[in-house]
Amino acid sequence: MSENKTPITQEIKKHLLTGISWMIPLIVAAGICIALGQVFGGTNVAEKVGTIPWMLNQIGGWGMGLIVPLICAAIAYSIADRPGFAPGLIVGFVCGQSHTGFIGGMLGGFLVGYTVLLLKHYIRLPKSMQGLMPVMILPVLSTVISGLLMMTLIGKPIAMLQEALIHMLQSIQGGSRFLLGAILGAMATFDFGGPVNKTMSLFADGLLVSGVYGPEAVKFAGSMIPPFGITLSFLLTRHKYTRAETEALKAAFPMGICMITEGVIPIAARDLLRVVGSCVVASAVAGGLIMTWEVGSPVPHGGMFVVPLFIHPLVFCLALAIGTVICGVMLSLWKKPVTERDEEFDELNDQKVNDDEITFTLE
């Protein structure tokens with residue numbers, strides 16, 4: 001009987017998400033320290049040596065310097081358990097010093113993790129020496145092999161790619177800047193927290209590590225416009241929403257304040273084309289405006305609670321409001337009124353869900 005093996009793509013995704021989940025609290029803590037330093041010390045806070053704002057800015061900057069080593073170590077740990085963690089930290093630091101950035105840290109984590117697994121598979125020691133494997137042999141050999149590969153073969157092309165990407169983002173102006181923001185905004189909204197949204201989030205988080213803050217602000221808007229816009233549409237045209245959708249919005253709106261988009265999925269599922277279309281158009285416009293107006297977010301999460309820490313927070317709120325209005329008005333014009341049949345269909349679905357839950361509980 002053959003064992004069911006996890007597909008390699010699923011394994012890679014699992015390890016990558018582990019690294020990101022370890023990284024996000026560090027980005028939040030360091031980013032908020034930087035933002036607080038700039039709020040209380042101004043844009044020239046780096047010159048105010050010895051003050052509290054300067055200290056906060058320094059703490060945040062040093063924290064940001066740990067992001068690449070941490071994600072590298074976390075991915076290596078996810079793949080190879082404890083023997084991968086220390087080499088992952090070292091190779092992650094090498095990635096940071098080689099200017100390979102976030103991309104290099106992720107690749108370095110996979111390189112270390114799978115190197116440790118290969119070494120564990122092929123190295124055979126007598127029982128008297130097996131205790132050396134996790135504390136000396138595996139960490140040392142995997143650090144040497146992965147570190148040398150990163151410095152000689154892998155690091156330079158990644159560093160060049162990273163530098164070219166950042167230079168491109170910093171140099172684009174006008175219409176190109178709006179177009180980039182529109183694409184990112186549409187991606188952030190398209191599947192309400194699904195793979196497309198996660199891809200855009202990963203891109204924005206990677207640029208945040210490199211000091212490019214605009215895409216993060218677009219991610220915020222794209223995550224909040226669907227619940228805000230659909231709520232506005234409900235307020236404008238209540239007769240176009242079923243009782244079940246009305247109940248769903250009671251949770252979706254506060255979740256949107258916290259930058260959680262998934263609360264609108266029950267509403268989108270009933271009228272996918274109109275809801276997704278309205279949200280994508282609105283988020284694309286808002287994203288384009290955010291990039292054009294040079295709004296930036298120094299933190300990756302936090303919803304409306306961290307907006308005061310943004311670069312140009314009032315301008316961000318304006319772009320968010322414009323996107324919300326576009327989404328609400330467009331959906332109100334496009335959505336069909338609710339019929340008795342729609343209400344009955346929702347009630348039947350709710351009854352089926354409740355019956356399934358009861359059956360599951362009894363089993």
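Biologist: Read along the sequence, what pattern does the protein chain follow?
Modeller: This is a predicted model. Helices and strands come to 14 and 0 in the protein chain. Along the sequence the pattern therefore holds one kind of element: α-α-α-α-α-α-α-α-α-α-α-α-α-α.

Biologist: What percentage of the residues of the protein chain count as buried?
Modeller: A residue is buried when its relative accessible area is under 20%. The protein chain has 363 residues. The share that counts as buried is 46%.

Biologist: Among contacts between residues at least 6 apart in sequence, what percentage join residues at least 24 apart?
Modeller: A contact needs heavy atoms within 4.5 Å. For the protein chain, take contacts between residues at least 6 apart in sequence. The share that joins residues at least 24 apart is 76%.

Biologist: Which residues touch the most other members of the largest nonpolar core?
Modeller: This core has 47 residues. Those touching the most other members are F220, I230, I290, F310 and F316.

Biologist: Which helix supplies the largest share of this core?
Modeller: Among the helices that each supply at least two residues are α7 (174–190), α9 (214–236) and α13 (313–334). So is α12 (272–292). The largest share is 10 residues, and the helix is α12.

Biologist: Leaving aside its neighbours within four places in sequence, what is F220 in contact with?
Modeller: F220 is one of the residues touching the most other members of the largest core. Its contacts beyond the neighbours include M259, S297 and V299. Also among them are P300, H301, G302 and G303. The rest of the list is V306, F310 and F316.

Biologist: How many residues does the second, separate core have?
Modeller: Its members include M23, C95, V112 and L208. The number of residues in this second core is 32.

Biologist: How far apart are the end C-alpha atoms of α13?
Modeller: Helix α13 has 22 residues. At 1.5 Å a residue, α13 should span 32 Å. The model agrees with that expectation, as the end C-alpha atoms are apart by 31 Å.

Biologist: What covers the buried residues of α13?
Modeller: The buried residues of α13 include F316, A319, L320 and G323. Others among them are C327 and L331. The cover includes α9 and α12.

Biologist: Is α12 roughly parallel or roughly antiparallel to α13?
Modeller: The axes of α12 and α13 come within 8 Å and cross at roughly 155°. Angles over 145 degrees count as roughly antiparallel, so α12 is, relative to α13, roughly antiparallel.

Biologist: Is the crossing of α12 past α13 left-handed or right-handed?
Modeller: Residues of α12 that meet α13 include L273, G277 and I290. On the α13 side, F316, I322 and W334 are among those met. The crossing is right-handed.

Biologist: Is the crossing of α1 past α2 left-handed or right-handed?
Modeller: The axes of α1 (residues 8–41) and α2 (residues 52–64) come within 7 Å and cross at roughly 155°. These helices are therefore roughly antiparallel to each other. The crossing is left-handed.

Biologist: Does N57 count as buried or exposed?
Modeller: N57 lies in helix α2. Leaving aside neighbours within four places in sequence, N57 is in contact with C33, I34, G37, Q38 and V45. Its relative accessibility is 13%, under the 20% cut-off, so N57 counts as buried.

Biologist: Does A244 count as buried or partly exposed?
Modeller: A244 sits in helix α10. Its relative accessibility is 29%. That lies between the 20% and 50% cut-offs, so A244 counts as partly exposed.

Methods: Residues are numbered from 1 along each chain as its sequence is written. This is a predicted model: local features need pLDDT of at least 70, side-chain atom pairs count only at pLDDT 80 or more; totals for chains, interfaces and linings use all residues. Side-chain values use heavy atoms; hydrogens and water are left out. A nonpolar core is a set of buried Ala, Val, Leu, Ile, Met, Phe, Trp, Tyr and Cys residues joined through side-chain atoms within 4.5 Å. Buried means under 20% relative accessible area, exposed over 50%, partly exposed in between (1.4 Å probe, protein chains only). Helices (H or I, at least four residues) and strands (E, at least two) are DSSP runs, numbered from the N terminus. The expected span of a helix is 1.5 Å times one less than its number of residues. Axes are lines fitted to C-alpha atoms, for helices over the stretch in contact, and angles run from 0 to 180 degrees between N-to-C directions. Angles under 35 degrees count as roughly parallel, over 145 as roughly antiparallel, 65 to 115 as roughly perpendicular and the rest as oblique. A crossing is left-handed if the near helix is turned anticlockwise from the far one by less than a right angle, and right-handed if clockwise.
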